Amino acid sequence: MATKSELCLIPGPSEPPVLGHTLQILRDSYGFQQECIASYGPVYKVKLLGIWRVNLCGADAMEMVLLDKQQMFSSKMGWQSLARLFPGGLMLQDFAEHRQNRRIMQQAFRASALQEYTEQMAKAMQSLVRAWPLDQEFRFYDAIKELTLRLGCAVFMGLPPDDELASEVNSALIAEIRAALSVVRYPVPFTPMWHGVRGRAFLRNTFRQMIEERRAAPGNDFFSQMCLSTDEDGKGWSEDEILDQFNFLMMAAHDTTATALTTMIWALGAHPEWQEVLAAEYEEIGDAVFTSDGLSRMTQTEQVFKEALRLVPPVPFIPRRAISSFSWNGFDFPAGTTITLNPGVTMLSPEFYSEPEKFDPARFAPDRAEDQAHKFAWAPFGGGAHKCIGMHFASLQAKIFFVTLLRERRVELVRSSVTDWQRLPIPKPKGGLLVKVHGIRGH
Ligand code: HEM
């Protein structure tokens, strides 16, 4: 890792003793970053969790690092904090090794597989949404996490949402995710990391037992697809590779989707007229809502989805480590420089977006297309070799959820539409976003 003296020519705020800038970043990551950009420009250094990191801000920086034409930036080393619980996941691999494994995983995301997942999600969604109480307040964030985990058991593992194993898998996965994002990095008894390591062991055992069974009699779920997937040369994964890749996939899919759906509900609750716009869109598409044609016609839903991800991206910062020295924007950086990219603040930039803090889905309509001003003006899914492989799946899931919800329900925010977001490590609404759902037309 590059040291402070190696980065001495890079500007940045003065270093507070002991914790560096950690507290300022945890307290208000966006505000702190915006102040730094205003004071030092798009390149500056900070010390977070004991490591000196160079922030390369803006769409040009993302383009240079994520497209990585000369293979200089390691995702594996950037995401090292995930390595204990999720070794071998796609983001924890680089270059040729990553390319080969991504080709295999891509099989589980081919169009025909997505169509199968759509049908399964549509089938399971209604009873999950109908289980929410009517006219009573509840914490939406908690409810959607529970819903997406239960749905995930069906779509990812082919288990009925109320299967007993599904509950155990859910608890283990929650423990793992909590540990991956926790500050204590060693499995000291009873810390989140300790629970996470135990959760990982449980999941590996459970998934291992499923491999033989699914290879012999595959279902339409992700796990079966990953047991069967091969690249063009017919190479598939060993048991251990399936376990690592699947475990990582579940983690990558879960909290990100929960945050995206929560942001959409927050925005639609604050702007109820958009609930009517979406409901009318589904009405017009009619019985075709769950076909690929129907889903592709949901342009207003797509715009709301994009706007929610712009305002509260589930992955607001993307880390990388330079494996060779490089220069950018007039500065030289040594090999080993830890880099932070900032899609979150970039997507709030007035350089690309008019009234950037405002919820305005129509900015994505063809006549405005504000996101098209730069390849990385809108980048909640990253870009380049590691661009989110689940992007279309996430959009499908959001559409299926909102069709199911808004055909029968309307959402009201309780108390206030002003919600404070905890941005790190994955954004969530402070207080969990209290809502009430109400039935419509006799539902
Ligand atoms: C709205 C929801 C989601 C957001 C905002 C999101 C965001 C991202 C981002 C920014 C990356 C790239 C990180 C980097 O370059 O370092 C990524 C990678 C990834 N995502 Fe997602 N994601 C979402 C949903 C999903 C879902 C639903 C799945 C699986 C079904 C998924 C699976 C993955 C995987 C496997 C990778 C690693 C790809 C690679 O390294 O080649 N994500 N995601």
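Axes here are lines fitted to C-alpha atoms, for helices over the stretch in contact, and angles between N-to-C directions run from 0 to 180 degrees. Helices (H or I, at least four residues) and strands (E, at least two) are DSSP runs numbered from the N terminus. The model is predicted: local features need pLDDT of at least 70 and side-chain atom pairs count only at pLDDT 80 or more, while totals for chains, interfaces and linings use all residues. Residues are numbered from 1 along each chain as its sequence is written, and side-chain values use heavy atoms, with hydrogens and water left out.

The ligand is surrounded by 29 residues, counted when one of their heavy atoms lies within 4 Å of the ligand. Trp79, His98, Arg102, His386 and Cys388 are the closest. A polar contact is a pair of N or O atoms within 3.5 Å. An oxygen atom of the ligand lies 2.6 Å from a side-chain N or O atom of histidine 98. For arginine 102 the distance from a side-chain N or O atom to a ligand oxygen is 2.7 Å, and a polar side-chain atom of tryptophan 79 is also 2.7 Å from a ligand oxygen. Elements giving two or more residues to this shell are helices H5 (95-106), H11 (239-270) and H16 (391-406) and strand E5 (318-322). H11 supplies the largest share, seven residues.

H16 also packs against helix H14 (residues 299-311), at an angle of about 115° with the axes 10 Å apart. The contact (heavy atoms within 4.5 Å) joins Thr301, Glu302 and Phe305 of H14 to Ala394, Ser395, Ala398 and Lys399 of H16.

Definitions and conventions: Polar contact = N/O pair within 3.5 Å; in protein donor to acceptor, adjacent residues only side chain to side chain.
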